[in-house]
Amino acid sequence: MKTIFKKQVLIFFLLSFLILCTYQSLAQEKPFKWPNGKRAALTLSFDDGRNSQVDIGIPVFDQYGVKATFVVVPSNAEKRVDKWKRAALNGHEIGNHTVQHPCSGNFSWSRERALENYTMEKMRKELVDANRQLETLLGVKSTVFAYPCGSTFIGRGTNTKSYVPLIAELFVAGRGWLNETPNDPSFCDLAQLTGMEMDGKDFEQILPLIENAKGTGAWLVLAGHEIGGSGGQTTRVEMLRRLIEYVQDPTNGIWIAPMGEIARYVQNQRNISTIPIK
């Protein structure tokens, strides 16, 4: 009798395990649900708050009714403060890019503000100060961030630390730079989203990235700097026009929106999922 009971218990646990594994497998294979049946998401983001972004770029976006994300150094915003205020009022997202734009001291121009010499306390203060200055200048509360130079560390050697946890604490989302793949919305860390370069590229070079995102249901975050002109780190206006026209064709199934809006949507979808993503 005991032997039969043990066998029944064993069979019960085995069946329960198989059901659980099957359920988890199906849940993991289920494609991410973008709004309105969209197949992928796209964010256009720009760093530093350069003059060409409000002088050239924002008029283009406003013409098409597209909202972009601009991560701004406060001292740059001061140079075009009225235009940045209008951009914010028109629905463009203003994010935090620190006060001093610290990068590795291997860049000679960043030697006096090298990340290798930062502490977590210093970085926290700078992030909070940048948010305060942007709110004073533009009347906005920044909820997104982009890592200057794409670097996520402070310190050096055995004292090196990631400041990704600090970004996760202070912001809805943080974006990297010069990454190689779009974001999987079911898996990605919102505090360190990948950012893929669009500077210096034609639409034909960007299109495969969008098509790849469509094929996998991913979130592509494009990152640029200057808009228009022919210098280094410049996103081409003609590329932007063709990209926007492609994305706004409903047959292509792309949702284009600022980084914070999409990040909040992703988080909400995860919260209502039966298998939470941590």
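Over the ring of which residue does the charged end of Lys-122 sit? In this predicted model, the ring in question belongs to Tyr-118, and the charged end of Lys-122 sits 4.4 Å from the centre of that ring. Contacts between aromatic rings were examined as well, and the structure holds 15 aromatic pairs. One aromatic cluster is formed by Phe-32 and Trp-34 together with Trp-255 and Tyr-265.

With regard to the cysteines, the count of disulfides comes to one. This bond is formed by Cys-103 and Cys-149, whose sulfur atoms lie 1.9 Å apart, a distance that satisfies the criterion of a pair of cysteine sulfur atoms within 2.5 Å. The disulfide links distant parts of the chain, since its two cysteines are 46 residues apart. Cys-103 is located in the loop that runs between strand 3 (93-96) and helix 5 (120-138), while Cys-149 is located in the loop between strand 4 (144-146) and strand 5 (153-154). Because the torsion about the S-S bond of Cys-103 and Cys-149 is about 90°, the disulfide is right-handed.

The two bonded cysteines were also assessed for solvent accessibility. Cys-103 has a relative accessible area of 0% and is therefore buried, whereas Cys-149, at 26% relative accessibility, counts as partly exposed. For Cys-188 the relative accessibility is 9%, and this residue therefore counts as buried, given that the term applies under 20% relative accessible area.

Terms used
Residues numbered from 1 in each chain as written. Predicted model: local features only at pLDDT ≥ 70, side-chain atom pairs only at ≥ 80, totals over all residues. Heavy atoms only, no water. Helix = DSSP H or I, 4+ residues; strand = E, 2+ residues; numbered from the N terminus. Buried < 20%, exposed > 50% of the residue type's maximum accessible area, 1.4 Å probe, protein only. Phe/Tyr/Trp six-rings, centres within 6.5 Å; stacked < 30°, edge-to-face > 60°. Lys NZ or Arg CZ within 6 Å of the ring centre and 35° of its normal.
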